[in-house]
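Here are my notes, in numbered points, to go with the structure you sent round. Have it open while you read.

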Amino acid sequence: MKISQRAVQVQPSPTVGMAARAKQMIRQGLDVVSFAVGEPDFATPEHICQAAYQAMSAGHTKYTAASGIPELKEAIVARLRAEVGLDYDADQVCISNGGKHALTNIWQTLLDEGDEVIVFAPYWVSYPVQIQLCGGKPVVIETEASCGFQPDPEEVRSAVTPRTVAILINSPTNPTGAVFDQETLQEIASIAAENDLTIVSDEIYRNLVFNGRQHLSIAMLDEETKARTILVDGVSKSYAMTGWRIGWLIGPKDFVTKAGSIQSQQTSGPSSISQHAALAALTGPQDCVAAMRDEFEQRRDFFAEALRQLEGIQCNVPPAAFYLFPDISAHLGRSLAGKQIDTSLQLAEYLLEQGLISTVPGSAFGAEGFLRLSFACSVEDIERGVQRLKTALEI
Ligand SMILES: Cc1ncc(COP(=O)(O)O)c(C=O)c1O
């Protein structure tokens with residue numbers, strides 16, 4: 001059967017691929033420690049599940065408005081106002097099937113063929129593919145572990161061309177857990193203003209900032225920056241609700257209305273039941289968010305300390321999210337158990353097959369020489385996994 005050129009060029013997400021391989025091995029009875037997952041390992045809090053049952057009983061089982069129910073839009077803007085003082089109207093929100101879908105809506109609304117979007121590496125795996133699928137061109141700027149993965153503003157400035165339409169930021173960042181500091185955000189905002197660019201700010205990990213620090217959104221800098229920024233957020237990571245598929249975009253009303261029109265033609269509104277569950281998440285008690293963040297923070301400290309004991313692994317302690325992103329380049333070029341290991345993918349495959357540890361290679365995130373290790377797993381698993389890492393790497 002014919003397959004379009006567009007489809008031929010799309011590769012499945014490597015993070016999903018690695019997780020699927022690990023699951024298959026677990027089904028075969030192998031005791032795999034998974035450091036590959038990209039979702040909280042906690043159950044969705046009970047009061048949120050209860051709200052979903054009640055929504056079904058109350059008959060909220062039909063199509064909703066294509067861009068989402070008004071109560072949830074109101075709850076989203078109320079929470080942003082209360083938490084960080086950002087002021088939006090409810091009609092500046094479009095609710096989608098997860099943050100990933102919100103991002104797709106953004107690219108479809110924003111990009112014409114050949115438009116360029118500046119993306120920082122290490123980047124979340126889906127960004128370049130999504131941009132390309134919508135006819136755009138990702139222009140990748142690398143960031144260094146030694147600078148805490150902060151972009152160099154001069155590099156950003158020189159990457160802008162007449163075709164540049166947007167700068168994409170993701171702070172806190174998947175896969176590094178980096179948080180862009182205020183000066184960096186300020187520089188990015190200035191470059192966007194100088195060149196009249198849109199800023200797309202994916203803030204899906206905003207509730208997982210550690211050490212008592214507050215999340216800083218680029219939209220909080222000033223009104224002009226806010227007016228050129230589209231925010232992306234959702235309930236997946238903050239409330240352990242990845243399977244409920246609720247995310248949203250917030251931005252200028254005319255942009256959001258167009259994104260809503262695209263969504264209305266492509267998917268209609270997201271699940272009515274999930275929207276009611278998300279409403280309970282945002283309007284209900286927030287102590288579950290803090291409890292999960294505290295647990296992640298403890299695991300981060302434990303994991304980072306354990307890794308520090310291993311030779312040839314350099315690891316920043318990430319200020320946010322639930323991933324470590326160690327530099328493992330010292331182990332490339334080695335032969336391990338008779339296998340030549342030259343790339344992070346080969347190392348990840350070797351660790352899975354020989355060490356029974358699933359990880360994601362840095363190359364999937366545009367950063368060869370690194371591995372992403374998720375700590376969305378128990379401390380016992382971290383302990384066992386690090387021990388296996390030590391054995392597999394023969395250190
Ligand atoms: C950086 C980033 N943005 C967006 C998403 C999308 O999350 P969801 O579609 O579950 O809301 C993810 C999920 O892994 C992510 O890591």
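1. A bit of arithmetic to start: the expected span of a helix is 1.5 Å times one less than its number of residues. Try that on helix 14, residues 379-392: its 14 residues should span 20 Å, and the end C-alpha atoms are 20 Å apart, which agrees. Bear in mind throughout that this is a predicted model.

2. Which residues of helix 14 are buried? They are Ile382, Gly385, Val386, Leu389 and Ala392. These cover an arc of only 125° around the axis, so they sit on the same side of helix 14. On the other side of the helix, Glu380 and Thr391 are exposed.

3. As for what that buried side of helix 14 touches, its buried residues pack against strand 1 (33-34), helix 12 (287-308), helix 13 (344-355) and strand 12 (357-358). Just past the end of helix 14, have a look at Glu394, which takes a positive phi of about 55°.

4. Helix 13, one of those packing partners, has its own list of buried residues: Ser344, Leu347, Ala348, Tyr350, Leu351, Leu352 and Gly355. Here too there is a positive phi just after the helix, at Leu356, again about 55°.

5. Helix 11 (residues 272-283) passes the length check as well: 16 Å is expected for its 12 residues, and its end C-alpha atoms are 17 Å apart, which agrees. Nine of the 12 residues are buried, so helix 11 is largely enclosed by the rest of the structure. The buried ones are Ser274, Gln275, His276, Ala277, Ala278, Leu279, Ala280, Ala281 and Leu282. They pack against helix 3 (46-57), helix 4 (70-84) and strand 2.

6. That brings us to strand 2 (residues 93-96), which is covered on both faces. Val93 and Ile95 are buried on one side, and Cys94 and Ser96 are buried on the other. Strand 2 pairs with strand 8 (residues 247-250) in the antiparallel sense, over four bridges. If you want a place to find the register, Cys94 stands opposite Leu249 in strand 8.

7. Strand 5 (residues 164-169) is another one to zoom in on. Five of its six residues are buried, so strand 5 is largely enclosed by the rest of the structure. It pairs with strand 3 (residues 116-121) in the parallel sense, over four bridges, and it also runs parallel to strand 6, with four bridges joining the two. Ile167 of strand 5 is a handy landmark: Ile118 stands opposite it, and in strand 6 its bridge partner is Ile199.

8. What is the strand order in the open sheet of three strands? The order is 9-14-13, with antiparallel pairing. Strand 9 (323-324) and strand 13 (360-361) stand at the edges with a single partner strand each, so one side of each is left without a neighbour in the sheet. Strand 13 and strand 14 (residues 371-374) pair over two bridges, and Pro361 stands opposite Leu371 in strand 14.

9. Is Ala189, in helix 8, buried or exposed? Here you need the cut-off: a residue is buried if 20 or more other C-beta atoms lie within 10 Å of its own, and exposed if 12 or fewer do. Ala189 has 23, so it is buried. Leaving aside neighbours within four places in sequence, Ala189 is in contact with Ile218, Leu221 and Thr225. For a sense of scale, the C-alpha atoms of Ala189 and Ile357 are separated by 40 Å, with their positions 168 residues apart along the chain.

10. Asp196 lies in the loop between helix 8 (182-194) and strand 6 (198-202). It has 9 C-beta neighbours inside 10 Å and therefore counts as exposed. Asp196 and Gln346 are 150 residues apart in sequence, and their C-alpha atoms are 42 Å apart in space.

11. Last point, the ligand. It is surrounded by 13 residues, and the closest are Gly98, Gly99, Lys100, Asn174 and Ser236. How does that shell split by class? Two of its residues are nonpolar, nine are polar and two are charged.

Key: Residues numbered from 1 in each chain as written. Predicted model: local features only at pLDDT ≥ 70, side-chain atom pairs only at ≥ 80, totals over all residues. Near = placed C-beta within 6 Å. Nonpolar A, V, L, I, M, F, W, Y, C, P; charged D, E, K, R; others polar. Pairing = 2+ DSSP bridges. Contact = placed C-beta atoms within 7 Å. Arc of directions from axis to C-beta.
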